[in-house]
Amino acid sequence: MKSNEEMIEGQQLYPSNNSGFTNSNKSVTVGHKVNILHVITGIILVILVSLFMTGFGYQPWWVLGFTILAGIFITLPTCFSGYWLIDKNGITVVSYSSNDAMKLMQLLHIKKIYTKSYLFENITNAEITYHKKVRISPLDFNPDFFKLNLTVNKKVIQLELGKFKQKI
């Protein structure tokens with residue numbers, strides 16, 4: 001196994017072009033990209049759970065309809081969140097509306113998804129912050145707050161770091 005010094009000298013740990021990207025098409029995704037197949041699978045799952053909860057037609061039809069609508073318009077949008085991409089030019093943030101109906105339309109590609117790009121040359125400061133979440137009960141499994149703060153044109157942008165898995 002090589003030491004850090006040998007990896008730095010061999011430019012394996014820190015590449016010579018300082019961007020960290022050897023291929024112009026390569027990017028790193030922080031978060032999870034939303035796939036239309038996952039959204040459709042989620043809708044089918046909501047319909048099956050709604051059928052199960054209403055007894056497969058034992059309850060009146062309006063109970064089934066209300067359960068399906070509540071599952072699709074309230075529960076399904078909460079399963080998906082925004083993400084951001086890092087490429088050799090900068091950071092692109094992809095986010096969704098806070099309105100559940102609008103977010104569902106964005107997930108189904110009916111409405112436009114919010115994207116904002118920040119070039120590395122415009123970023124003046126980058127800082128990672130960690131804030132411990134106060135646990136009220138021993139069953140609180142939510143993660144602590146781990147964010148990347150970017151200063152772009154004297155404006156601070158906070159990007160969530162806490163819930164991502166990176167493939168190495």
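## What surrounds helix H4

Helix H2 (36–53), helix H3 (61–78) and strand S4 (114–119) are among the elements that cover the buried residues of H4. Here, helices (H or I, at least four residues) and strands (E, at least two) are DSSP runs, numbered from the N terminus. Keep in mind that this is a predicted model, where local features need pLDDT of at least 70, side-chain atom pairs count only at pLDDT 80 or more, and totals for chains, interfaces and linings use all residues. Residues are numbered from 1 along each chain as its sequence is written, and side-chain values use heavy atoms, with hydrogens and water left out. Covering goes by contact, meaning heavy atoms within 4.5 Å.

## One face of H4

So which residues of H4 are buried? In this helix, residues 100–107, they are Lys103, Leu104, Gln106 and Leu107. Looking down the axis of H4, you'd find them within an arc of 160 degrees, so they line one face of the helix. That arc is taken from the directions from the helix axis to the C-beta atoms, and buried means under 20% relative accessible area (1.4 Å probe, protein chains only).

## The ends of H4

Asparagine 99 caps the N-terminal end of H4. One of its side-chain oxygens sits 3.2 Å from the backbone nitrogen of alanine 101, which fits the cut-off for a polar contact (a pair of N or O atoms within 3.5 Å; within protein, one must be able to donate a hydrogen and the other to accept it, and residues adjacent in sequence count only if both atoms are side-chain atoms). Just after H4 comes histidine 109, with a positive phi of about 65 degrees.

Technical notes. Buried means under 20% relative accessible area, exposed over 50%, partly exposed in between (1.4 Å probe, protein chains only).
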